[in-house]
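Colleague: I am new to reading protein models, and I would like some help. Could we go through one together, feature by feature?

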Amino acid sequence: MCCSTDSTVQIFPQVTNGRYQEVRVNPEDLNIQVRATGGRWREATDVSRGTSKQIYLLLRLALAEHLVTTDETAPLLL
């Protein structure tokens, strides 16, 4: 499994109010999992709908951040 970018990892606990500390994406099948502090890894589909939407939004932001290779600013479409 591979972790997302550093900024997403840092923001993720804040967005989930500290409930989940880590998120990871399997590059082979794009399966997404989250983990609470000291807890086991859970499928993103097994958490609440609001939390899963936050996860997917943060991962889209991480992907956009990863793809930007210049200092050019791009619009953010939600």
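**Reading side chains and strands**

Modeller: Happy to! Keep in mind that this is a predicted model. A simple count makes a good start: the structure holds zero aromatic pairs.

Colleague: Then what sits over the ring of Trp41?

Modeller: That is the charged end of Arg24, which lies 3.8 Å from the centre of the Trp41 ring.

Colleague: How many salt bridges does the structure hold?

Modeller: Here is the general idea. Side chains of opposite charge can pair when their charged atoms come close. In this structure there is one salt bridge. Glu22 forms it with Arg35, and their closest N and O atoms are 2.0 Å apart. The pair links distant parts of the chain, since Glu22 belongs to strand β2 (residues 22-25) and Arg35 to strand β3 (residues 32-35), 13 residues apart.

Colleague: How do the strands β2 and β3 run?

Modeller: They run antiparallel, and four bridges join them. Look across from Glu22 and you will find Arg35 of β3 standing opposite. The hairpin of β2 and β3 has six residues between the strands, and there Leu30 takes a positive phi near 60°.

Colleague: Are Glu22 and Arg35 buried, partly exposed or exposed?

Modeller: To judge that, use the cut-offs: under 20% relative accessible area is buried, and over 50% is exposed. Glu22 has 26% relative accessibility, so it counts as partly exposed. Arg35 has a relative accessible area of 21%, so it is partly exposed too.

Colleague: And Gln33, is it buried or exposed?

Modeller: Gln33 is found in strand β3. Its relative accessibility is 10%, so Gln33 counts as buried.

Colleague: Which side chains does Gln33 join through polar contacts?

Modeller: One is Arg24, whose side chain meets that of Gln33 in a polar contact of 2.7 Å. Another is Glu43, with a side-chain polar contact to Gln33 of 2.9 Å. You have met Arg24 before: its charged end sits over the ring of Trp41.

Colleague: Let us try a helix. Where is Thr51 found, and is it buried or exposed?

Modeller: Thr51 is in helix α2 (residues 49-67). With a relative accessible area of 13%, Thr51 is buried.

Colleague: Which residues is Thr51 in contact with, leaving aside its neighbours within four places in sequence?

Modeller: Those are Thr16 and Tyr20. You can also compare sequence and space: Thr51 and Arg19 are 32 residues apart in sequence, and their C-alpha atoms are 9.8 Å apart in space.

Technical notes. Residues are numbered from 1 along each chain as its sequence is written. This is a predicted model: local features need pLDDT of at least 70, side-chain atom pairs count only at pLDDT 80 or more; totals for chains, interfaces and linings use all residues. Side-chain values use heavy atoms; hydrogens and water are left out. Rings of Phe, Tyr and Trp (its six-membered ring) pair if their centres lie within 6.5 Å; planes under 30 degrees apart count as stacked, over 60 as edge-to-face and the rest as tilted. A charge sits over a ring if NZ of Lys or CZ of Arg is within 6 Å of the ring centre and within 35 degrees of the ring normal. A salt bridge is a side-chain nitrogen of Lys or Arg within 4 Å of a carboxyl oxygen of Asp or Glu. Helices (H or I, at least four residues) and strands (E, at least two) are DSSP runs, numbered from the N terminus. Buried means under 20% relative accessible area, exposed over 50%, partly exposed in between (1.4 Å probe, protein chains only). A polar contact is a pair of N or O atoms within 3.5 Å; within protein, one must be able to donate a hydrogen and the other to accept it, and residues adjacent in sequence count only if both atoms are side-chain atoms. Two strands pair if DSSP finds at least two bridges between them. Contact means heavy atoms within 4.5 Å.
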